[in-house]
Amino acid sequence: MEEDAVWQSVLGEIELTVSRGNFVTWFKNTQVLRRDNSSMIIGVPNIFYKQQLESKFKPMIMELLAKNGLGEISLEFKTHTSTMPTKRPTNDDTEVVILSESPKKTNREMFSGNGAPSLTHSYRQGLNDRYTFDSFIVGSGNEMAYAACQAIAQNPGTKYNPLFIYGGVGLGKTHLIQAVGNAVLANKKGSKVVYATSEQFVQEFLDAIRYKKITDFAGHYRNADVLIVDDMQFIAGKEKTQEEFFHTFNALHQANKQIIISSDKPPKSIPTLEERLRSRFEWGMIVDIGAPDFETRCAILQNKATQHNIVLDQPVVEFLANQVQTNIRELEGALNQLLAFCEMRNLTPDLSVVTGLFGTHRSRPRHMNAKQVVERTAKHFQISIEEILSPKRDKDIVFPRQIAMYLLRSELHLSFPKIAQELGRKDHTTAIHSVEKIEKELHFDNILKEHVKEIKEKLYA
Ligand code: ADP
Ligand code: MG
């Protein structure tokens, strides 16, 4: 069967979730044998794979399928000769070709079932070569993070060390920090770039203790020219690992090696992060990555469609960009869902197909912008725009201002520096503080809840 867009998207996510070894072992030789509206059959090399995938990975796969719009589907694994491994990776540290990606296919090839199935991801030290600066679309939510990453890629270890990037899920943190790794490797052959999620770091550390391989473990990380640790929040509460990471950090930092960290929140908001680590994370540069604006979402969609050799009509792009507003992974998911749907039915992805598939419901009017949120909030509290934007610290102005900041975050997912800017503040910590305060108080303050609800109702009316 022809390469399956949904399965490719599922594999892409699995790749980022499981360890590299697991991915190579269990998913490298899978392929979709059949898929229709109600079932999906994945071909695997032998019965052992079938058992392992069923017992260990099925729930995860089902969840990812649901995320890609196939929640109701039944999933089966079947042994199939064409999935027999052809080449086994010999050494874990060498380049491993996981799937082979042919040059981009034409629209027809992709939808017709001709042509060899093949997608290549080669891995170096945990990096996925799909994640490059070239394939990253820059917009207002991520330009700061992008600029910092570019600067680092050119001169690792010199400025912005460590770089700490934080932001919500699916906003491109992994993409961007891996792009640095890929660029460093491209600029300077032989550089040692080590990428790991903090969970991997924890697991490897525990294994190292268990198998008495601490020296190897420490050596692996401390010899890096660039160390990238993704999703640092998962190290919270793991004291021994934090201690080990602290030493790794110091060794690298002293040797002017670059450290890049990502997390879903800023260092000061990660609970049970050891103080000394927190303060080290604050040594360098901390940047926030925010949700993409409408134009960026459109550009991302058009870009991803082009990768499938499909040019989407602008109305289709705009429709999708309105459907999914805050998570780029979901945005990609929606696009993949659309392409898969069209592939199965041999349709052109036009506006009628896309509205049929996703409905006409829009979660947020396209043109709701920061200014409207601020104005609406000021109006609700019967203060003027000038007042809400002024430096005044009177209680009856500070409160609406904090709510406006909260709404800019919750509804428009703006980055903190952007929120500060929208309210005429220089310092983004004020924005963080305000948003957190309102979030907290919403749990118990019913009057506040009422205010927020009313403002939102007006905004969405
Ligand atoms: P995070 O690590 O913040 O959860 P990811 O880096 O995994 O997010 O991004 C989710 C998906 O969205 C990835 O497939 C990534 O390639 C894509 N993506 C995110 N931001 C961009 C962007 N600015 N341009 C193009 N693709 C993006
Ligand atoms: Mg990530």
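1. Start with β9 and strand β10 (residues 258-263): in this predicted model the two pair in the parallel sense, over four bridges. To place the register, look at I228, which stands opposite I260 in β10. Getting from β9 to β10, the chain passes through helix α9 (residues 239-254), and the resulting β-α-β crossover is right-handed.

2. β9 has a partner in strand β8 (residues 193-197) too. That pairing is also parallel, with five bridges. Here the residue to check is A196, which sits opposite V229 in β9.

3. How buried is β9 itself? Five of the five residues in the strand (residues 226-230) are buried, so β9 is largely enclosed by the rest of the structure. The side chains split by direction: V226, I228 and D230 point one way, while L227 and V229 point the other way. Both sets are buried, and that includes D230. If you're colouring by burial, I228 is a handy one to pick out, since it is buried and is also the residue facing I260 in β10.

4. Now for how far to trust the coordinates. The mean pLDDT of the protein is 83, and 85% of its residues reach 70 or more. The spread between elements is worth a look: β10 has the highest confidence, with a mean of 97, whereas strand β4 (residues 96-101) has the lowest, at 28.

5. Please flag residues 84-123 before anyone sets up calculations on this model. Over that stretch pLDDT stays under 50, although the model still has 87 contacts for it beyond four places in sequence. Where pLDDT is low, the predicted coordinates shouldn't be read in detail. I'd treat those 87 contacts for residues 84-123 in that light.

6. Helix α6 (residues 173-187) looks regular in length. Its 15 residues reach 21 Å from first C-alpha to last, close to the 21 Å expected at 1.5 Å a residue. As for its surroundings, α6 is mostly covered, with 13 of the 15 residues buried.

7. One side chain to look at is K304, in helix α11 (residues 294-307). Is K304 buried or exposed? Its relative accessibility is 15%, and the cut-off for buried is under 20%, so K304 counts as buried. What does the side chain of K304 meet? It makes a polar contact of 2.6 Å with the side chain of E332. Setting aside neighbours within four places in sequence, K304 is in contact with E332 and L335.

Key: Residues are numbered from 1 along each chain as its sequence is written. Chains are lettered from A and ligands numbered from 1 in the order in which they are written. This is a predicted model: local features need pLDDT of at least 70, side-chain atom pairs count only at pLDDT 80 or more; totals for chains, interfaces and linings use all residues. Side-chain values use heavy atoms; hydrogens and water are left out. Buried means under 20% relative accessible area, exposed over 50%, partly exposed in between (1.4 Å probe, protein chains only). Two strands pair if DSSP finds at least two bridges between them. A crossover is right-handed if, with the strands pointing away from the viewer, the path from the first strand over the helix to the second runs clockwise. pLDDT is the predictor's confidence in each residue, from 0 to 100. Contact means heavy atoms within 4.5 Å. The expected span of a helix is 1.5 Å times one less than its number of residues. A polar contact is a pair of N or O atoms within 3.5 Å; within protein, one must be able to donate a hydrogen and the other to accept it, and residues adjacent in sequence count only if both atoms are side-chain atoms.
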